Protein chains: 2
Amino acid sequence: MTFTQSLAAAWQKNNSLLCVGLDPDPAKFPAHLKGKPDAIFEFCKSIADATADLVCCFKPQIAYFAAQRAEDQLEALIAHIHANHPGVPVILDAKRGDIGSTAEQYAVEIFERYQADAITVNPYMGKDSVDPYLAYPDKGVILLCRTSNPGGSDLQFLDVGGKKLYEHVAELVATKWNTTGQCALVVGATFPGEIARVREIVGDLPLLVPGIGAQGGDVEATLKAGRTATGTGLIINNSRAVLYAGKDENYAQASRQAALASRDLINRYR
Amino acid sequence: MTFTQSLAAAWQKNNSLLCVGLDPDPAKFPAHLKGKPDAIFEFCKSIADATADLVCCFKPQIAYFAAQRAEDQLEALIAHIHANHPGVPVILDAKRGDIGSTAEQYAVEIFERYQADAITVNPYMGKDSVDPYLAYPDKGVILLCRTSNPGGSDLQFLDVGGKKLYEHVAELVATKWNTTGQCALVVGATFPGEIARVREIVGDLPLLVPGIGAQGGDVEATLKAGRTATGTGLIINNSRAVLYAGKDENYAQASRQAALASRDLINRYR
């Protein structure tokens, strides 16, 4: 099954557009986990196990693992999710972007070593920097389009012949790069008008939407702007508000409650 | 000493603008190294030791290490270079780019874990995605501007109000982002006219120039386009033609000869 098919199946089966972002910051872990050698794996695994029936996918952010020398725990985490929650795809948020020969190495890293189902990729270096990921026909390739951070508009808002750069990227991906149906786009939740604009350009292409929760994006406006006719098409990421909902030994249960509330809030506006 | 100061000192001391790119591909290793558990470290270390007096810096490409689960060998390699070749800075080619909180994690990875002296960064997400690297005052931050791959022009050549996107990035970095003197730019060797254009925009800002050698960039044209008044200002990367110059047990010596020839060819046009 391809990433796109798994995602569509998970939207239905779990009745959810919620993606739980796994950004493990040991400083925020419950006290009983601190100092344990596999704390990162343990923390993420418990939250994945507690929320797997409420999400359409998981999205580990590789920077948090790399900063802690925890590549082995990331491998173990993704293997655990695949073994215990089949049908819930894993997006590895890595935002890679390099020339073809180097991108081939990153593709080995992300798809073969970590066995991720999809990767986030930066479009600045153009089509041939994306091809090595597309060469894995079952995998998803999620390109940065409009990001939700304050500096996102520094380049993405530049006018490139009557449209903004992010609109051009959306058009390029939808009309030229997505020949195999493997592509999706990152569009931040901070600006619902821009989600609507991207949706208009790309038809039913899946949109990964960070910025709900800690970054302040509005759920109702995001859904109205980005949902497709079938009430899907969105992967709405929530990291911190789910991960750090609890502070004691029952943290995974607290995360489940937060994920449930987040999923249900999203579903009110589908 | 800051990255910029180390670089300037190495330009002088080694009379060299050459950067040896460390992109270790085990399939291309000499036969006697194949299958050894620390072959990646061994290969790169031998080449670094054989060329350290001929270069202005080294540039390991992290993708090659990550694809082989060799993060520990990358750590050991950079530690070895620092211990044995002080004064030769190490650029970790990682082309990271993410929101501030994630970029902080990458900065820990690149500067604290790997102890690199500089990082390559993708500008697509804007200034606040770059700030966490600039927060390390001794470190260099080398932003992608114009890349040498075929798809480089897909976005970088877009017209943004009478100039191309890569020119705008050059201007943005030179006039707004580089307030602390830590920045440099990546400008591919494939198009010397564009190196000249960037040099015109950015004054004496250091330019990292990949694309000499395997990618076919012309040394004379590159130097004429990009050197500063003092005959420096360039970090000219050569990876494959140096790394894989030899195929037997004397490979490091062959790499030294290739690096020497490359340095001297560059120096003819300074």
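Two residues count as in contact if their C-beta atoms, placed from the backbone, lie within 7 Å. With that in hand, let's look around. This is a predicted model, where local features need pLDDT of at least 70, side-chain atom pairs count only at pLDDT 80 or more, and totals for chains, interfaces and linings use all residues. Residues are numbered from 1 along each chain as its sequence is written, while chains are lettered from A and ligands numbered from 1 in the order in which they are written.

Start with the two copies. A turn of 180 degrees and a shift of 0.0 Å along the axis lay chain A on chain B with an RMSD of 0.0 Å (a least-squares fit on C-alpha atoms of residues with pLDDT of at least 70 in both). That is how a two-fold axis relates things. Val160(A) is the residue of chain A that comes closest to the rotation axis, with its C-alpha at 2.5 Å. As 100% of chain A's interface residues are also interface residues in chain B, the copies meet through the same surface.

Now for a pair of helices in chain B (DSSP runs of H or I, at least four residues, numbered from the N terminus):

| Helix | Residues | Among its meeting residues |
|---|---|---|
| α2(B) | 39-51 | Ile40(B), Phe41(B), Cys44(B) |
| α4(B) | 71-84 | Gln73(B), Ala76(B), Leu77(B) |

Their axes, lines fitted to C-alpha atoms over the stretch in contact, come within 9 Å and cross at roughly 20 degrees. The α2(B) and α4(B) helices are therefore roughly parallel, a label for angles under 35 degrees.

Technical notes
Axes fitted to C-alpha atoms, helices over the stretch in contact; angles between N-to-C directions. Helix = DSSP H or I, 4+ residues; strand = E, 2+ residues; numbered from the N terminus. Parallel < 35°, antiparallel > 145°, perpendicular 65-115°, else oblique.
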